[in-house]
Amino acid sequence: MARMNEGMAIDIAGLRKVFRQTSSGDEIVAINRLDLTIAPRELIAIVGQTGCGKSTLFDLLIGLEAPSGGAIRIGGKAPFGDFDYFRGRIATVFQQDRLLPWRSALDNVRLPLELAGVPEAEQKSRALDWLKRLGLERFANAYPRELSGGMRQRVAIARAFVVQPAILLADEAFGHLDEVTAAELRTKFVTLARESGSTAILITHQLEEAIAVGDRIVVFGKSASLLADIRVSDWPAAEHRTLREAIQASLQSNAPDARLRR
Ligand SMILES: Nc1ncnc2c1ncn2[C@@H]1O[C@H](COP(=O)(O)OP(=O)(O)OP(=O)(O)O)[C@@H](O)[C@H]1O
C-alpha cells in the first residue's frame with residue numbers, strides 16, 4: 001500500500017542562475033530573478049520555449065547546481081546545501097528512462113532503496129509492489145533491452161515512486177512515446193502522484209498535456225521570466241482551446257497574452 005506522504009512546499013525567491021560560456025566567456029542568464037511558490041501536494045506543469053531555463057530550474061531543484069542568486073527552499077531547506085537530506089525525498093523522471101542496462105526491472109526499481117540502506121527483503125517487496133501498480137509484475141526479471149520504450153518508462157516511474165518522494169520532477173517524461181502510450185502513462189503518473197501526496201512539477205512542451213495534468217500551468221518566457229501562472233480550474237473545458245491559443249501566443253511573443261488575465 002502506498003503511504004501518503006506529507007508533501008513539501010517549494011519556495012523560490014529571486015532565483016538567478018548565470019552560466020559563463022567557456023568558448024566566448026559570455027554570460028548566459030538562464031534564470032533571471034524567478035519568484036514562484038508551490039503548495040504541498042500541488043501538481044504544476046511548466047511550459048516554455050526551448051532554452052528558457054526549465055532544465056536549469058530542475059538542476060537547481062535537485063541540488064545539482066547552486067543558485068547564482070536568490071534562493072530555493074523545499075520544506076524550508078536548500079536542495080544544494082542540504083543535498084543529503086533530500087536523498088529519497090526528491091525523485092525524477094526524464095525523457096530518457098536512464099535505467100541501468102545490467103540490472104533487471106526489479107533491480108532498477110529497488111536501486112534508490114538500496115542506496116538508502118533499506119533491508120534487501122523490503123527493497124524487493126516494495127519494488128515489486130510498484131512494478132505491479134505499473135502493470136509490469138510479469139516483467140520484474142526482464143532487462144531493459146527486453147522491454148519496449150513505454151515499458152521502460154513505466155519502470156522509471158516505478159523507480160521514482162518507490163521512495164514515496166515528497167517532490168516529483170518529470171522533465172518531458174512522456175514526450176518521446178506514441179500518443180496513446182503517453183496519454184495512458186501521464187494519467188497513471190498523475191493518479192499515483194495524487195495518491196502519494198507528492199508535490200509534482202512536470203516540464204512539457206505539449207500544451208494539451210499541461211492542461212490535462214496540472215492544477216496550475218506556469219508559462220516561462222526568456223530566462224524563466226513568468227509570463228503566466230494559470231489555475232486550470234478557472235478555465236472550463238469549453239474554453240481550453242482559447243487557453244491553449246493564449247498560452248501559445250504568450251510563448252511566441254514572449255509577453256503575457258491579454259486573454260490570460262482572469
Ligand atoms: N552548464 C551550462 N553551461 C552554459 N550554459 C548553459 C548550461 N546549462 C544551460 N545553459 C544555458 O542556459 C539556458 C537555459 O537552458 P535550459 O537547458 O535550462 O533550457 P530549457 O528550457 O530546459 O530548454 P529545452 O526545452 O530545450 O530543454 C540556455 O541558453 C543554455 O544554453
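Modeller: Two strands pair if DSSP finds at least two bridges between them; helices (H or I, at least four residues) and strands (E, at least two) are DSSP runs, numbered from the N terminus. This is a predicted model, with local features needing pLDDT of at least 70 and side-chain atom pairs pLDDT 80 or more, while totals for chains, interfaces and linings use all residues. Residues are numbered from 1 along each chain as its sequence is written.

Biologist: Okay, how many helices and strands does the protein chain have?

Modeller: The C-alpha trace of the protein chain spans about 55 × 45 × 40 Å along its principal axes. Its secondary structure comes to 8 helices and 9 strands.

Biologist: And what share of the protein chain's residues counts as buried?

Modeller: Buried here takes 20 or more other C-beta atoms, placed from the backbone, within 10 Å of a residue's own. The protein chain has 262 residues, and the share that counts as buried is 40%.

Biologist: How many residues of strand 7 are buried?

Modeller: Strand 7 runs over residues 199–203 and is mostly covered. On one side Thr199, Ile201 and Ile203 are buried, and on the other Ala200 and Leu202 are too, so both faces are covered. That pattern fits the rule that in a regular strand the side chains alternate between the two faces of the sheet. The buried count for strand 7 is 5 of 5.

Biologist: Which residue of strand 7 does Ala45 stand opposite?

Modeller: Strand 3, residues 43–48, runs parallel to strand 7, and 4 bridges join the two. In strand 7, the residue opposite Ala45 is Leu202.

Biologist: Which residue of strand 7 is the bridge partner of Leu168?

Modeller: Strand 6 covers residues 167–171 and pairs with strand 7 in the parallel sense over 5 bridges. The partner of Leu168 in strand 7 is Ala200.

Biologist: On to the ligand: which element gives the most to the shell around it?

Modeller: The residues around the ligand (C-beta atom, placed from the backbone, within 6 Å of it) include Phe19, Gln21, Ile28 and Ala30. Gly48, Thr50, Gly51, Cys52 and Gly53 are also among them, as are Lys54, Ser55 and Thr56. Strand 2 (27–38) and helix 1 (54–62) each supply at least two residues of that shell. The biggest contribution, with 3 residues, comes from helix 1.

Key. A residue is buried if 20 or more other C-beta atoms lie within 10 Å of its own, exposed if 12 or fewer, and partly exposed in between; C-beta atoms are placed from the backbone.
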